[in-house]
Amino acid sequence: MTTTDTIAALALGVAIVAAFAAIGSWRAARNANGAARTLSRIGQQRLHADLTPDLRCTVVANEARSTAMLRVHLEGPPGLLSHDAIEITVSIRNDNPHRGNGPQLAGTATPEQVRAHIWGPWKFSADGRDDTGRTVAPQQLAVGEWTRYGLTPTNSPAWSTTSTPDWLRDYADAPVRLSITARSKGSVWTVPVPVTTEGTA
């Protein structure tokens, strides 16, 4: 092997080593970027979870149980103090999330009618409620503040043979199953809150 051949072989070897090193560096950089993105996503998820609104809710009915008052208090967490006001939307969930999922029998209510009905003791009577009394208009709350909503008893479904007194008796001790959606600075939280009815308002 001549000197020229030796130099060429050495140069080729150096080039191969450099190429492997470059590939290794690229892979390391790619892995580092992926790890950084994963850690950032985990951090954002943890912060989002840590800022989940802490809500205390009470429902107090009058003696005749003809009306009630829902009070929603935004107690924290302290991290939300920097968010100023939080927009909250309060809705009433049904007692069974699977209602209306079964097949419709001839002459019975449609699945949409079944899902639209409030299967629980109370519905909203406050200003800004929807047609069914399930949801009220959003409100702004800061940490430490509270708001309240008027409630009225629900009725048995129009297609049901259950009388109103029997319906009210069946749901007398049932909780009001709230779903509260909070929004602030691009973040959204949905917090389920079951509330038992107290007396008297």
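The points below review the fold, sheets, cores and selected residues of this predicted model.

1. Overall fold. The protein contains three helices and nine strands. Along the sequence these elements follow the pattern α-β-β-β-α-β-β-β-α-β-β-β. A student tracing the chain may find it useful to mark this pattern before turning to single residues.

2. Contacts along the chain. Among contacts between residues at least 6 apart in sequence, 67% join residues at least 24 apart. One pair of residues illustrates how sequence and space may be compared: H83 and V143 are 60 residues apart along the chain, and their C-alpha atoms are separated by 9.0 Å.

3. Burial and surface. The protein has 201 residues, of which buried residues make up 31%. The exposed area is about 12,400 Å², and carbon and sulfur atoms supply 56% of that area.

4. The open sheet. Four strands form an open sheet in the order β5-β3-β7-β8, with antiparallel pairing. The edge strands are β5 (139-141) and β8, each of which pairs on one side only. On average, neighbouring strands of this sheet are turned by 30° against each other, direction ignored. Within the sheet, β7 and β8 run antiparallel and are joined by nine bridges. As an example of this pairing, R183 has V188 in β8 as its bridge partner.

5. Pairing around β6. Strand β6 (residues 146-153) runs antiparallel to β2, and six bridges join the two. Here M69 stands opposite G150 in β6. Strand β4 (residues 122-124) also pairs with β6 in the antiparallel sense, over three bridges. In this second pairing, F124 stands opposite L151 of β6.

6. The nonpolar cores. The largest nonpolar core has 31 residues, and those with the most contacts inside it are L70, V72, I88, V90, Y149, L178 and I180. The elements that give two or more residues to this core are β1, β2, β3, β4, β6, β7 and β8. I88 shows what such a position looks like in detail: leaving aside neighbours within four places in sequence, its contacts include V72, Y149 and I180, as well as A137, P138 and L141. A second, separate core has six residues, among them V114, W119, Y171 and A174.

7. Two buried histidines. Is H73 buried or exposed? H73 belongs to strand β2, and it counts as buried because its relative accessibility is 13%, below the 20% limit for that class. A polar atom of the H73 side chain lies 3.4 Å from the backbone oxygen of G144. Beyond its neighbours within four places in sequence, H73 is in contact with D54, L55, R56, G144, E145 and W146. The other histidine, H83, lies in the loop between β2 and β3. H83 also counts as buried, with a relative accessibility of 12%. Apart from neighbours within four places in sequence, H83 is in contact with L51, S184 and K185.

8. Unusual backbone geometry. Most residues other than glycine have a negative phi, and most peptide bonds are trans. Three places in this model merit a check against that background. The peptide bond joining G76 and P77 is cis, with omega about 0°; P77 lies in the loop between β2 (68-76) and β3 (86-92). R65 is not a glycine, yet its phi is positive, at about 60°. This residue, R65, is placed in the loop between β1 (54-61) and β2. K185 likewise has a positive phi, near 50°, in a residue other than glycine, and is found in the loop between β7 (176-184) and β8 (187-195).

9. Accessibility of the two positive-phi residues. Which accessibility class does R65 fall into? R65 counts as partly exposed because its relative accessibility is 32%, and the partly exposed class lies between 20% and 50%. K185 is exposed, since its relative accessible area is 59%, over the 50% limit. The two loop residues can thus be inspected in turn, with K185 also appearing among the contacts of H83.

Methods
Residues are numbered from 1 along each chain as its sequence is written. This is a predicted model: local features need pLDDT of at least 70, side-chain atom pairs count only at pLDDT 80 or more; totals for chains, interfaces and linings use all residues. Side-chain values use heavy atoms; hydrogens and water are left out. Buried means under 20% relative accessible area, exposed over 50%, partly exposed in between (1.4 Å probe, protein chains only). Contact means heavy atoms within 4.5 Å. Accessible areas come from the Shrake-Rupley method with a 1.4 Å probe; for residues, only the protein chains shown count as cover. Two strands pair if DSSP finds at least two bridges between them. A polar contact is a pair of N or O atoms within 3.5 Å; within protein, one must be able to donate a hydrogen and the other to accept it, and residues adjacent in sequence count only if both atoms are side-chain atoms. Axes are lines fitted to C-alpha atoms, for helices over the stretch in contact, and angles run from 0 to 180 degrees between N-to-C directions. A nonpolar core is a set of buried Ala, Val, Leu, Ile, Met, Phe, Trp, Tyr and Cys residues joined through side-chain atoms within 4.5 Å.
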